[in-house]
Amino acid sequence: MAEQVLQERYVRALLKQGIGRLREAHVPSFTLAAELLLVHVLGRDRTWLYAHPEEQVSTGDAERFFALIARRANGEPTQHLTRKQEFWGLEFEVTPDVLIPRPETEHVIEVALDRLAVRELRAGRKRTLTGEGLQIADVGAGSGCIAIGLAKELPQATIFATDISSAALAVACRNAMRHGVADRVRFLKGNLLDGVPPLLDLMVSNPPYISRREASTLMREVRDHEPEIALYGGEEGYELYADLIAQAATHLKPGGILVLELGHNSLPAVQPLLDVSAWTNVGVTNDLAGIPRVLAAERL
Ligand SMILES: C[S@@+](CC[C@H](N)C(=O)[O-])C[C@H]1O[C@@H](n2cnc3c(N)ncnc32)[C@H](O)[C@@H]1O
């Protein structure tokens, strides 16, 4: 390998070899993965790679690149190797202690902001939301992507971000500092809404929702590298929703909004938990793949 690396130190050649190895290892999106790893090692962006195909790369950088390619070929997610993932237009630190933020989770933020805006309109207030006076909870914060995304959109809101994993909270806390919202996002370690004060305006959650029975069908990147506590909701997958909805009912103020991300087949089990005596304006939003992904409701 060292000899090969020394001979092949042009950007174009390195990229070609990296792509080839990832393709042989059946890595999904192998071209993008190789590009991201080379960009990461060189501290450049993707445009630079294609604008400088004949640029010589140092031996050290070439070796670092091939070491990452080997780890990626072995199943480690690209985001664990680069330690980052973009979400809601922001860059988040990602480690094996947190779920890698997924694009479909952005719908949780979209629905939450829409619902808050509609509530303002109904109350006859102007549509621009600063979040002034709003108390929000994100249950199962992981990397903090939802809580921090909301904190950026609502610069005057206070947000409680809970997680049962202290390792995840440490990552979320660093992400909050990176994005300048650490003074408004309060991190709490505990089960679901433990320690969160009542009279919330909004509660959001992307809980673990994969069924234990589906473990063998997951991609190795997910099954072998993402935290089990972030993935599995129980034998069926949707077990956590009953407690989440019951606790939301006691923590939200009248007119408070609940927004939950759903697993690909959770809707039939979860929607009936929104008892008509406690909840109104129930709505379901599909993700870009047409899967019912977000369930929202308003506390009566
Ligand atoms: C699916 S991940 C979501 C992470 C992040 N909110 C996101 O959307 O990427 C679920 C998170 O819930 C946390 N979690 C699991 N069980 C929990 C519980 N009973 N109470 C609080 N958090 C829990 C996990 O540690 C994990 O960080």
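**Salt bridges, a hairpin and a ligand site**

R293 and D287 form a salt bridge in which the closest N and O atoms are 2.9 Å apart. Both R293 and D287 are buried. The model is predicted. The protein holds 13 helices and 11 strands, and buried residues make up 51% of its 300 residues. Along its principal axes, the C-alpha trace spans about 70 × 40 × 35 Å.

**Salt bridges**

- The structure contains 17 salt bridges, and the pair R293 and D287 is one of them.
- R83, E93 and R174 are joined into one network by salt bridges that share partners.
- A salt bridge also links D201 to K253, with 3.0 Å between the closest N and O atoms.
- D201 belongs to strand β6 (residues 200–205) and K253 to strand β9 (residues 252–261), so this pair ties together parts that are 52 residues apart in sequence.
- D201 has a relative accessibility of 3% and counts as buried, whereas K253, at 27%, counts as partly exposed.
- R178 forms a salt bridge with E91, and their closest N and O atoms lie 3.2 Å apart.
- Because R178 sits in helix α9 (residues 166–178) and E91 in strand β2, the pair ties together parts that are 87 residues apart in sequence.
- R178 is partly exposed, with a relative accessible area of 42%; E91 is also partly exposed, with a value of 38%.

**The β1–β2 hairpin**

- Strand β1 (residues 84–87) and strand β2 (residues 90–93) pair in the antiparallel sense. Four bridges connect the two strands.
- K84 has E93 of β2 as its bridge partner. E93 is also a member of the salt-bridge network with R83 and R174.
- The two strands form a hairpin with two residues between them. In the turn, W88 has a positive phi of about 55°.
- In a regular strand, side chains alternate between the two faces of the sheet.
- Strand β1 shows such an alternation: Q85 and F87 point to one face and are buried, while K84 and E86 point to the other face and are not buried.
- The hairpin is linked to helix α9 through E91 of β2, which pairs with R178 of that helix.

**Ligand site**

- The ligand has 18 residues around it, and those that come nearest are G140, D163, N191, L192 and N206.
- By residue type, the shell around the ligand divides into 10 nonpolar, seven polar and one charged.
- Backbone atoms make several of the contacts with the ligand, as the next three points describe.
- For G140, a backbone N or O atom lies 2.8 Å from a nitrogen atom of the ligand.
- For I164, a polar backbone atom is 3.2 Å from a ligand nitrogen atom.
- For G142, the distance from a backbone N or O atom to an oxygen atom of the ligand is 3.5 Å.
- The ligand taken alone exposes 600 Å², and the protein buries 96% of that area.
- Helices α8 (145–153) and α11 (228–231) are the elements that give two or more residues to the shell around the ligand.

Notes:
Residues are numbered from 1 along each chain as its sequence is written. This is a predicted model: local features need pLDDT of at least 70, side-chain atom pairs count only at pLDDT 80 or more; totals for chains, interfaces and linings use all residues. Side-chain values use heavy atoms; hydrogens and water are left out. A residue is near a molecule or strand if one of its heavy atoms lies within 4 Å of it. A polar contact is a pair of N or O atoms within 3.5 Å; within protein, one must be able to donate a hydrogen and the other to accept it, and residues adjacent in sequence count only if both atoms are side-chain atoms. Accessible areas come from the Shrake-Rupley method with a 1.4 Å probe; for residues, only the protein chains shown count as cover. Ala, Val, Leu, Ile, Met, Phe, Trp, Tyr, Cys and Pro count as nonpolar, Asp, Glu, Lys and Arg as charged, and the others, Gly among them, as polar. Buried means under 20% relative accessible area, exposed over 50%, partly exposed in between (1.4 Å probe, protein chains only). Two strands pair if DSSP finds at least two bridges between them. A salt bridge is a side-chain nitrogen of Lys or Arg within 4 Å of a carboxyl oxygen of Asp or Glu.
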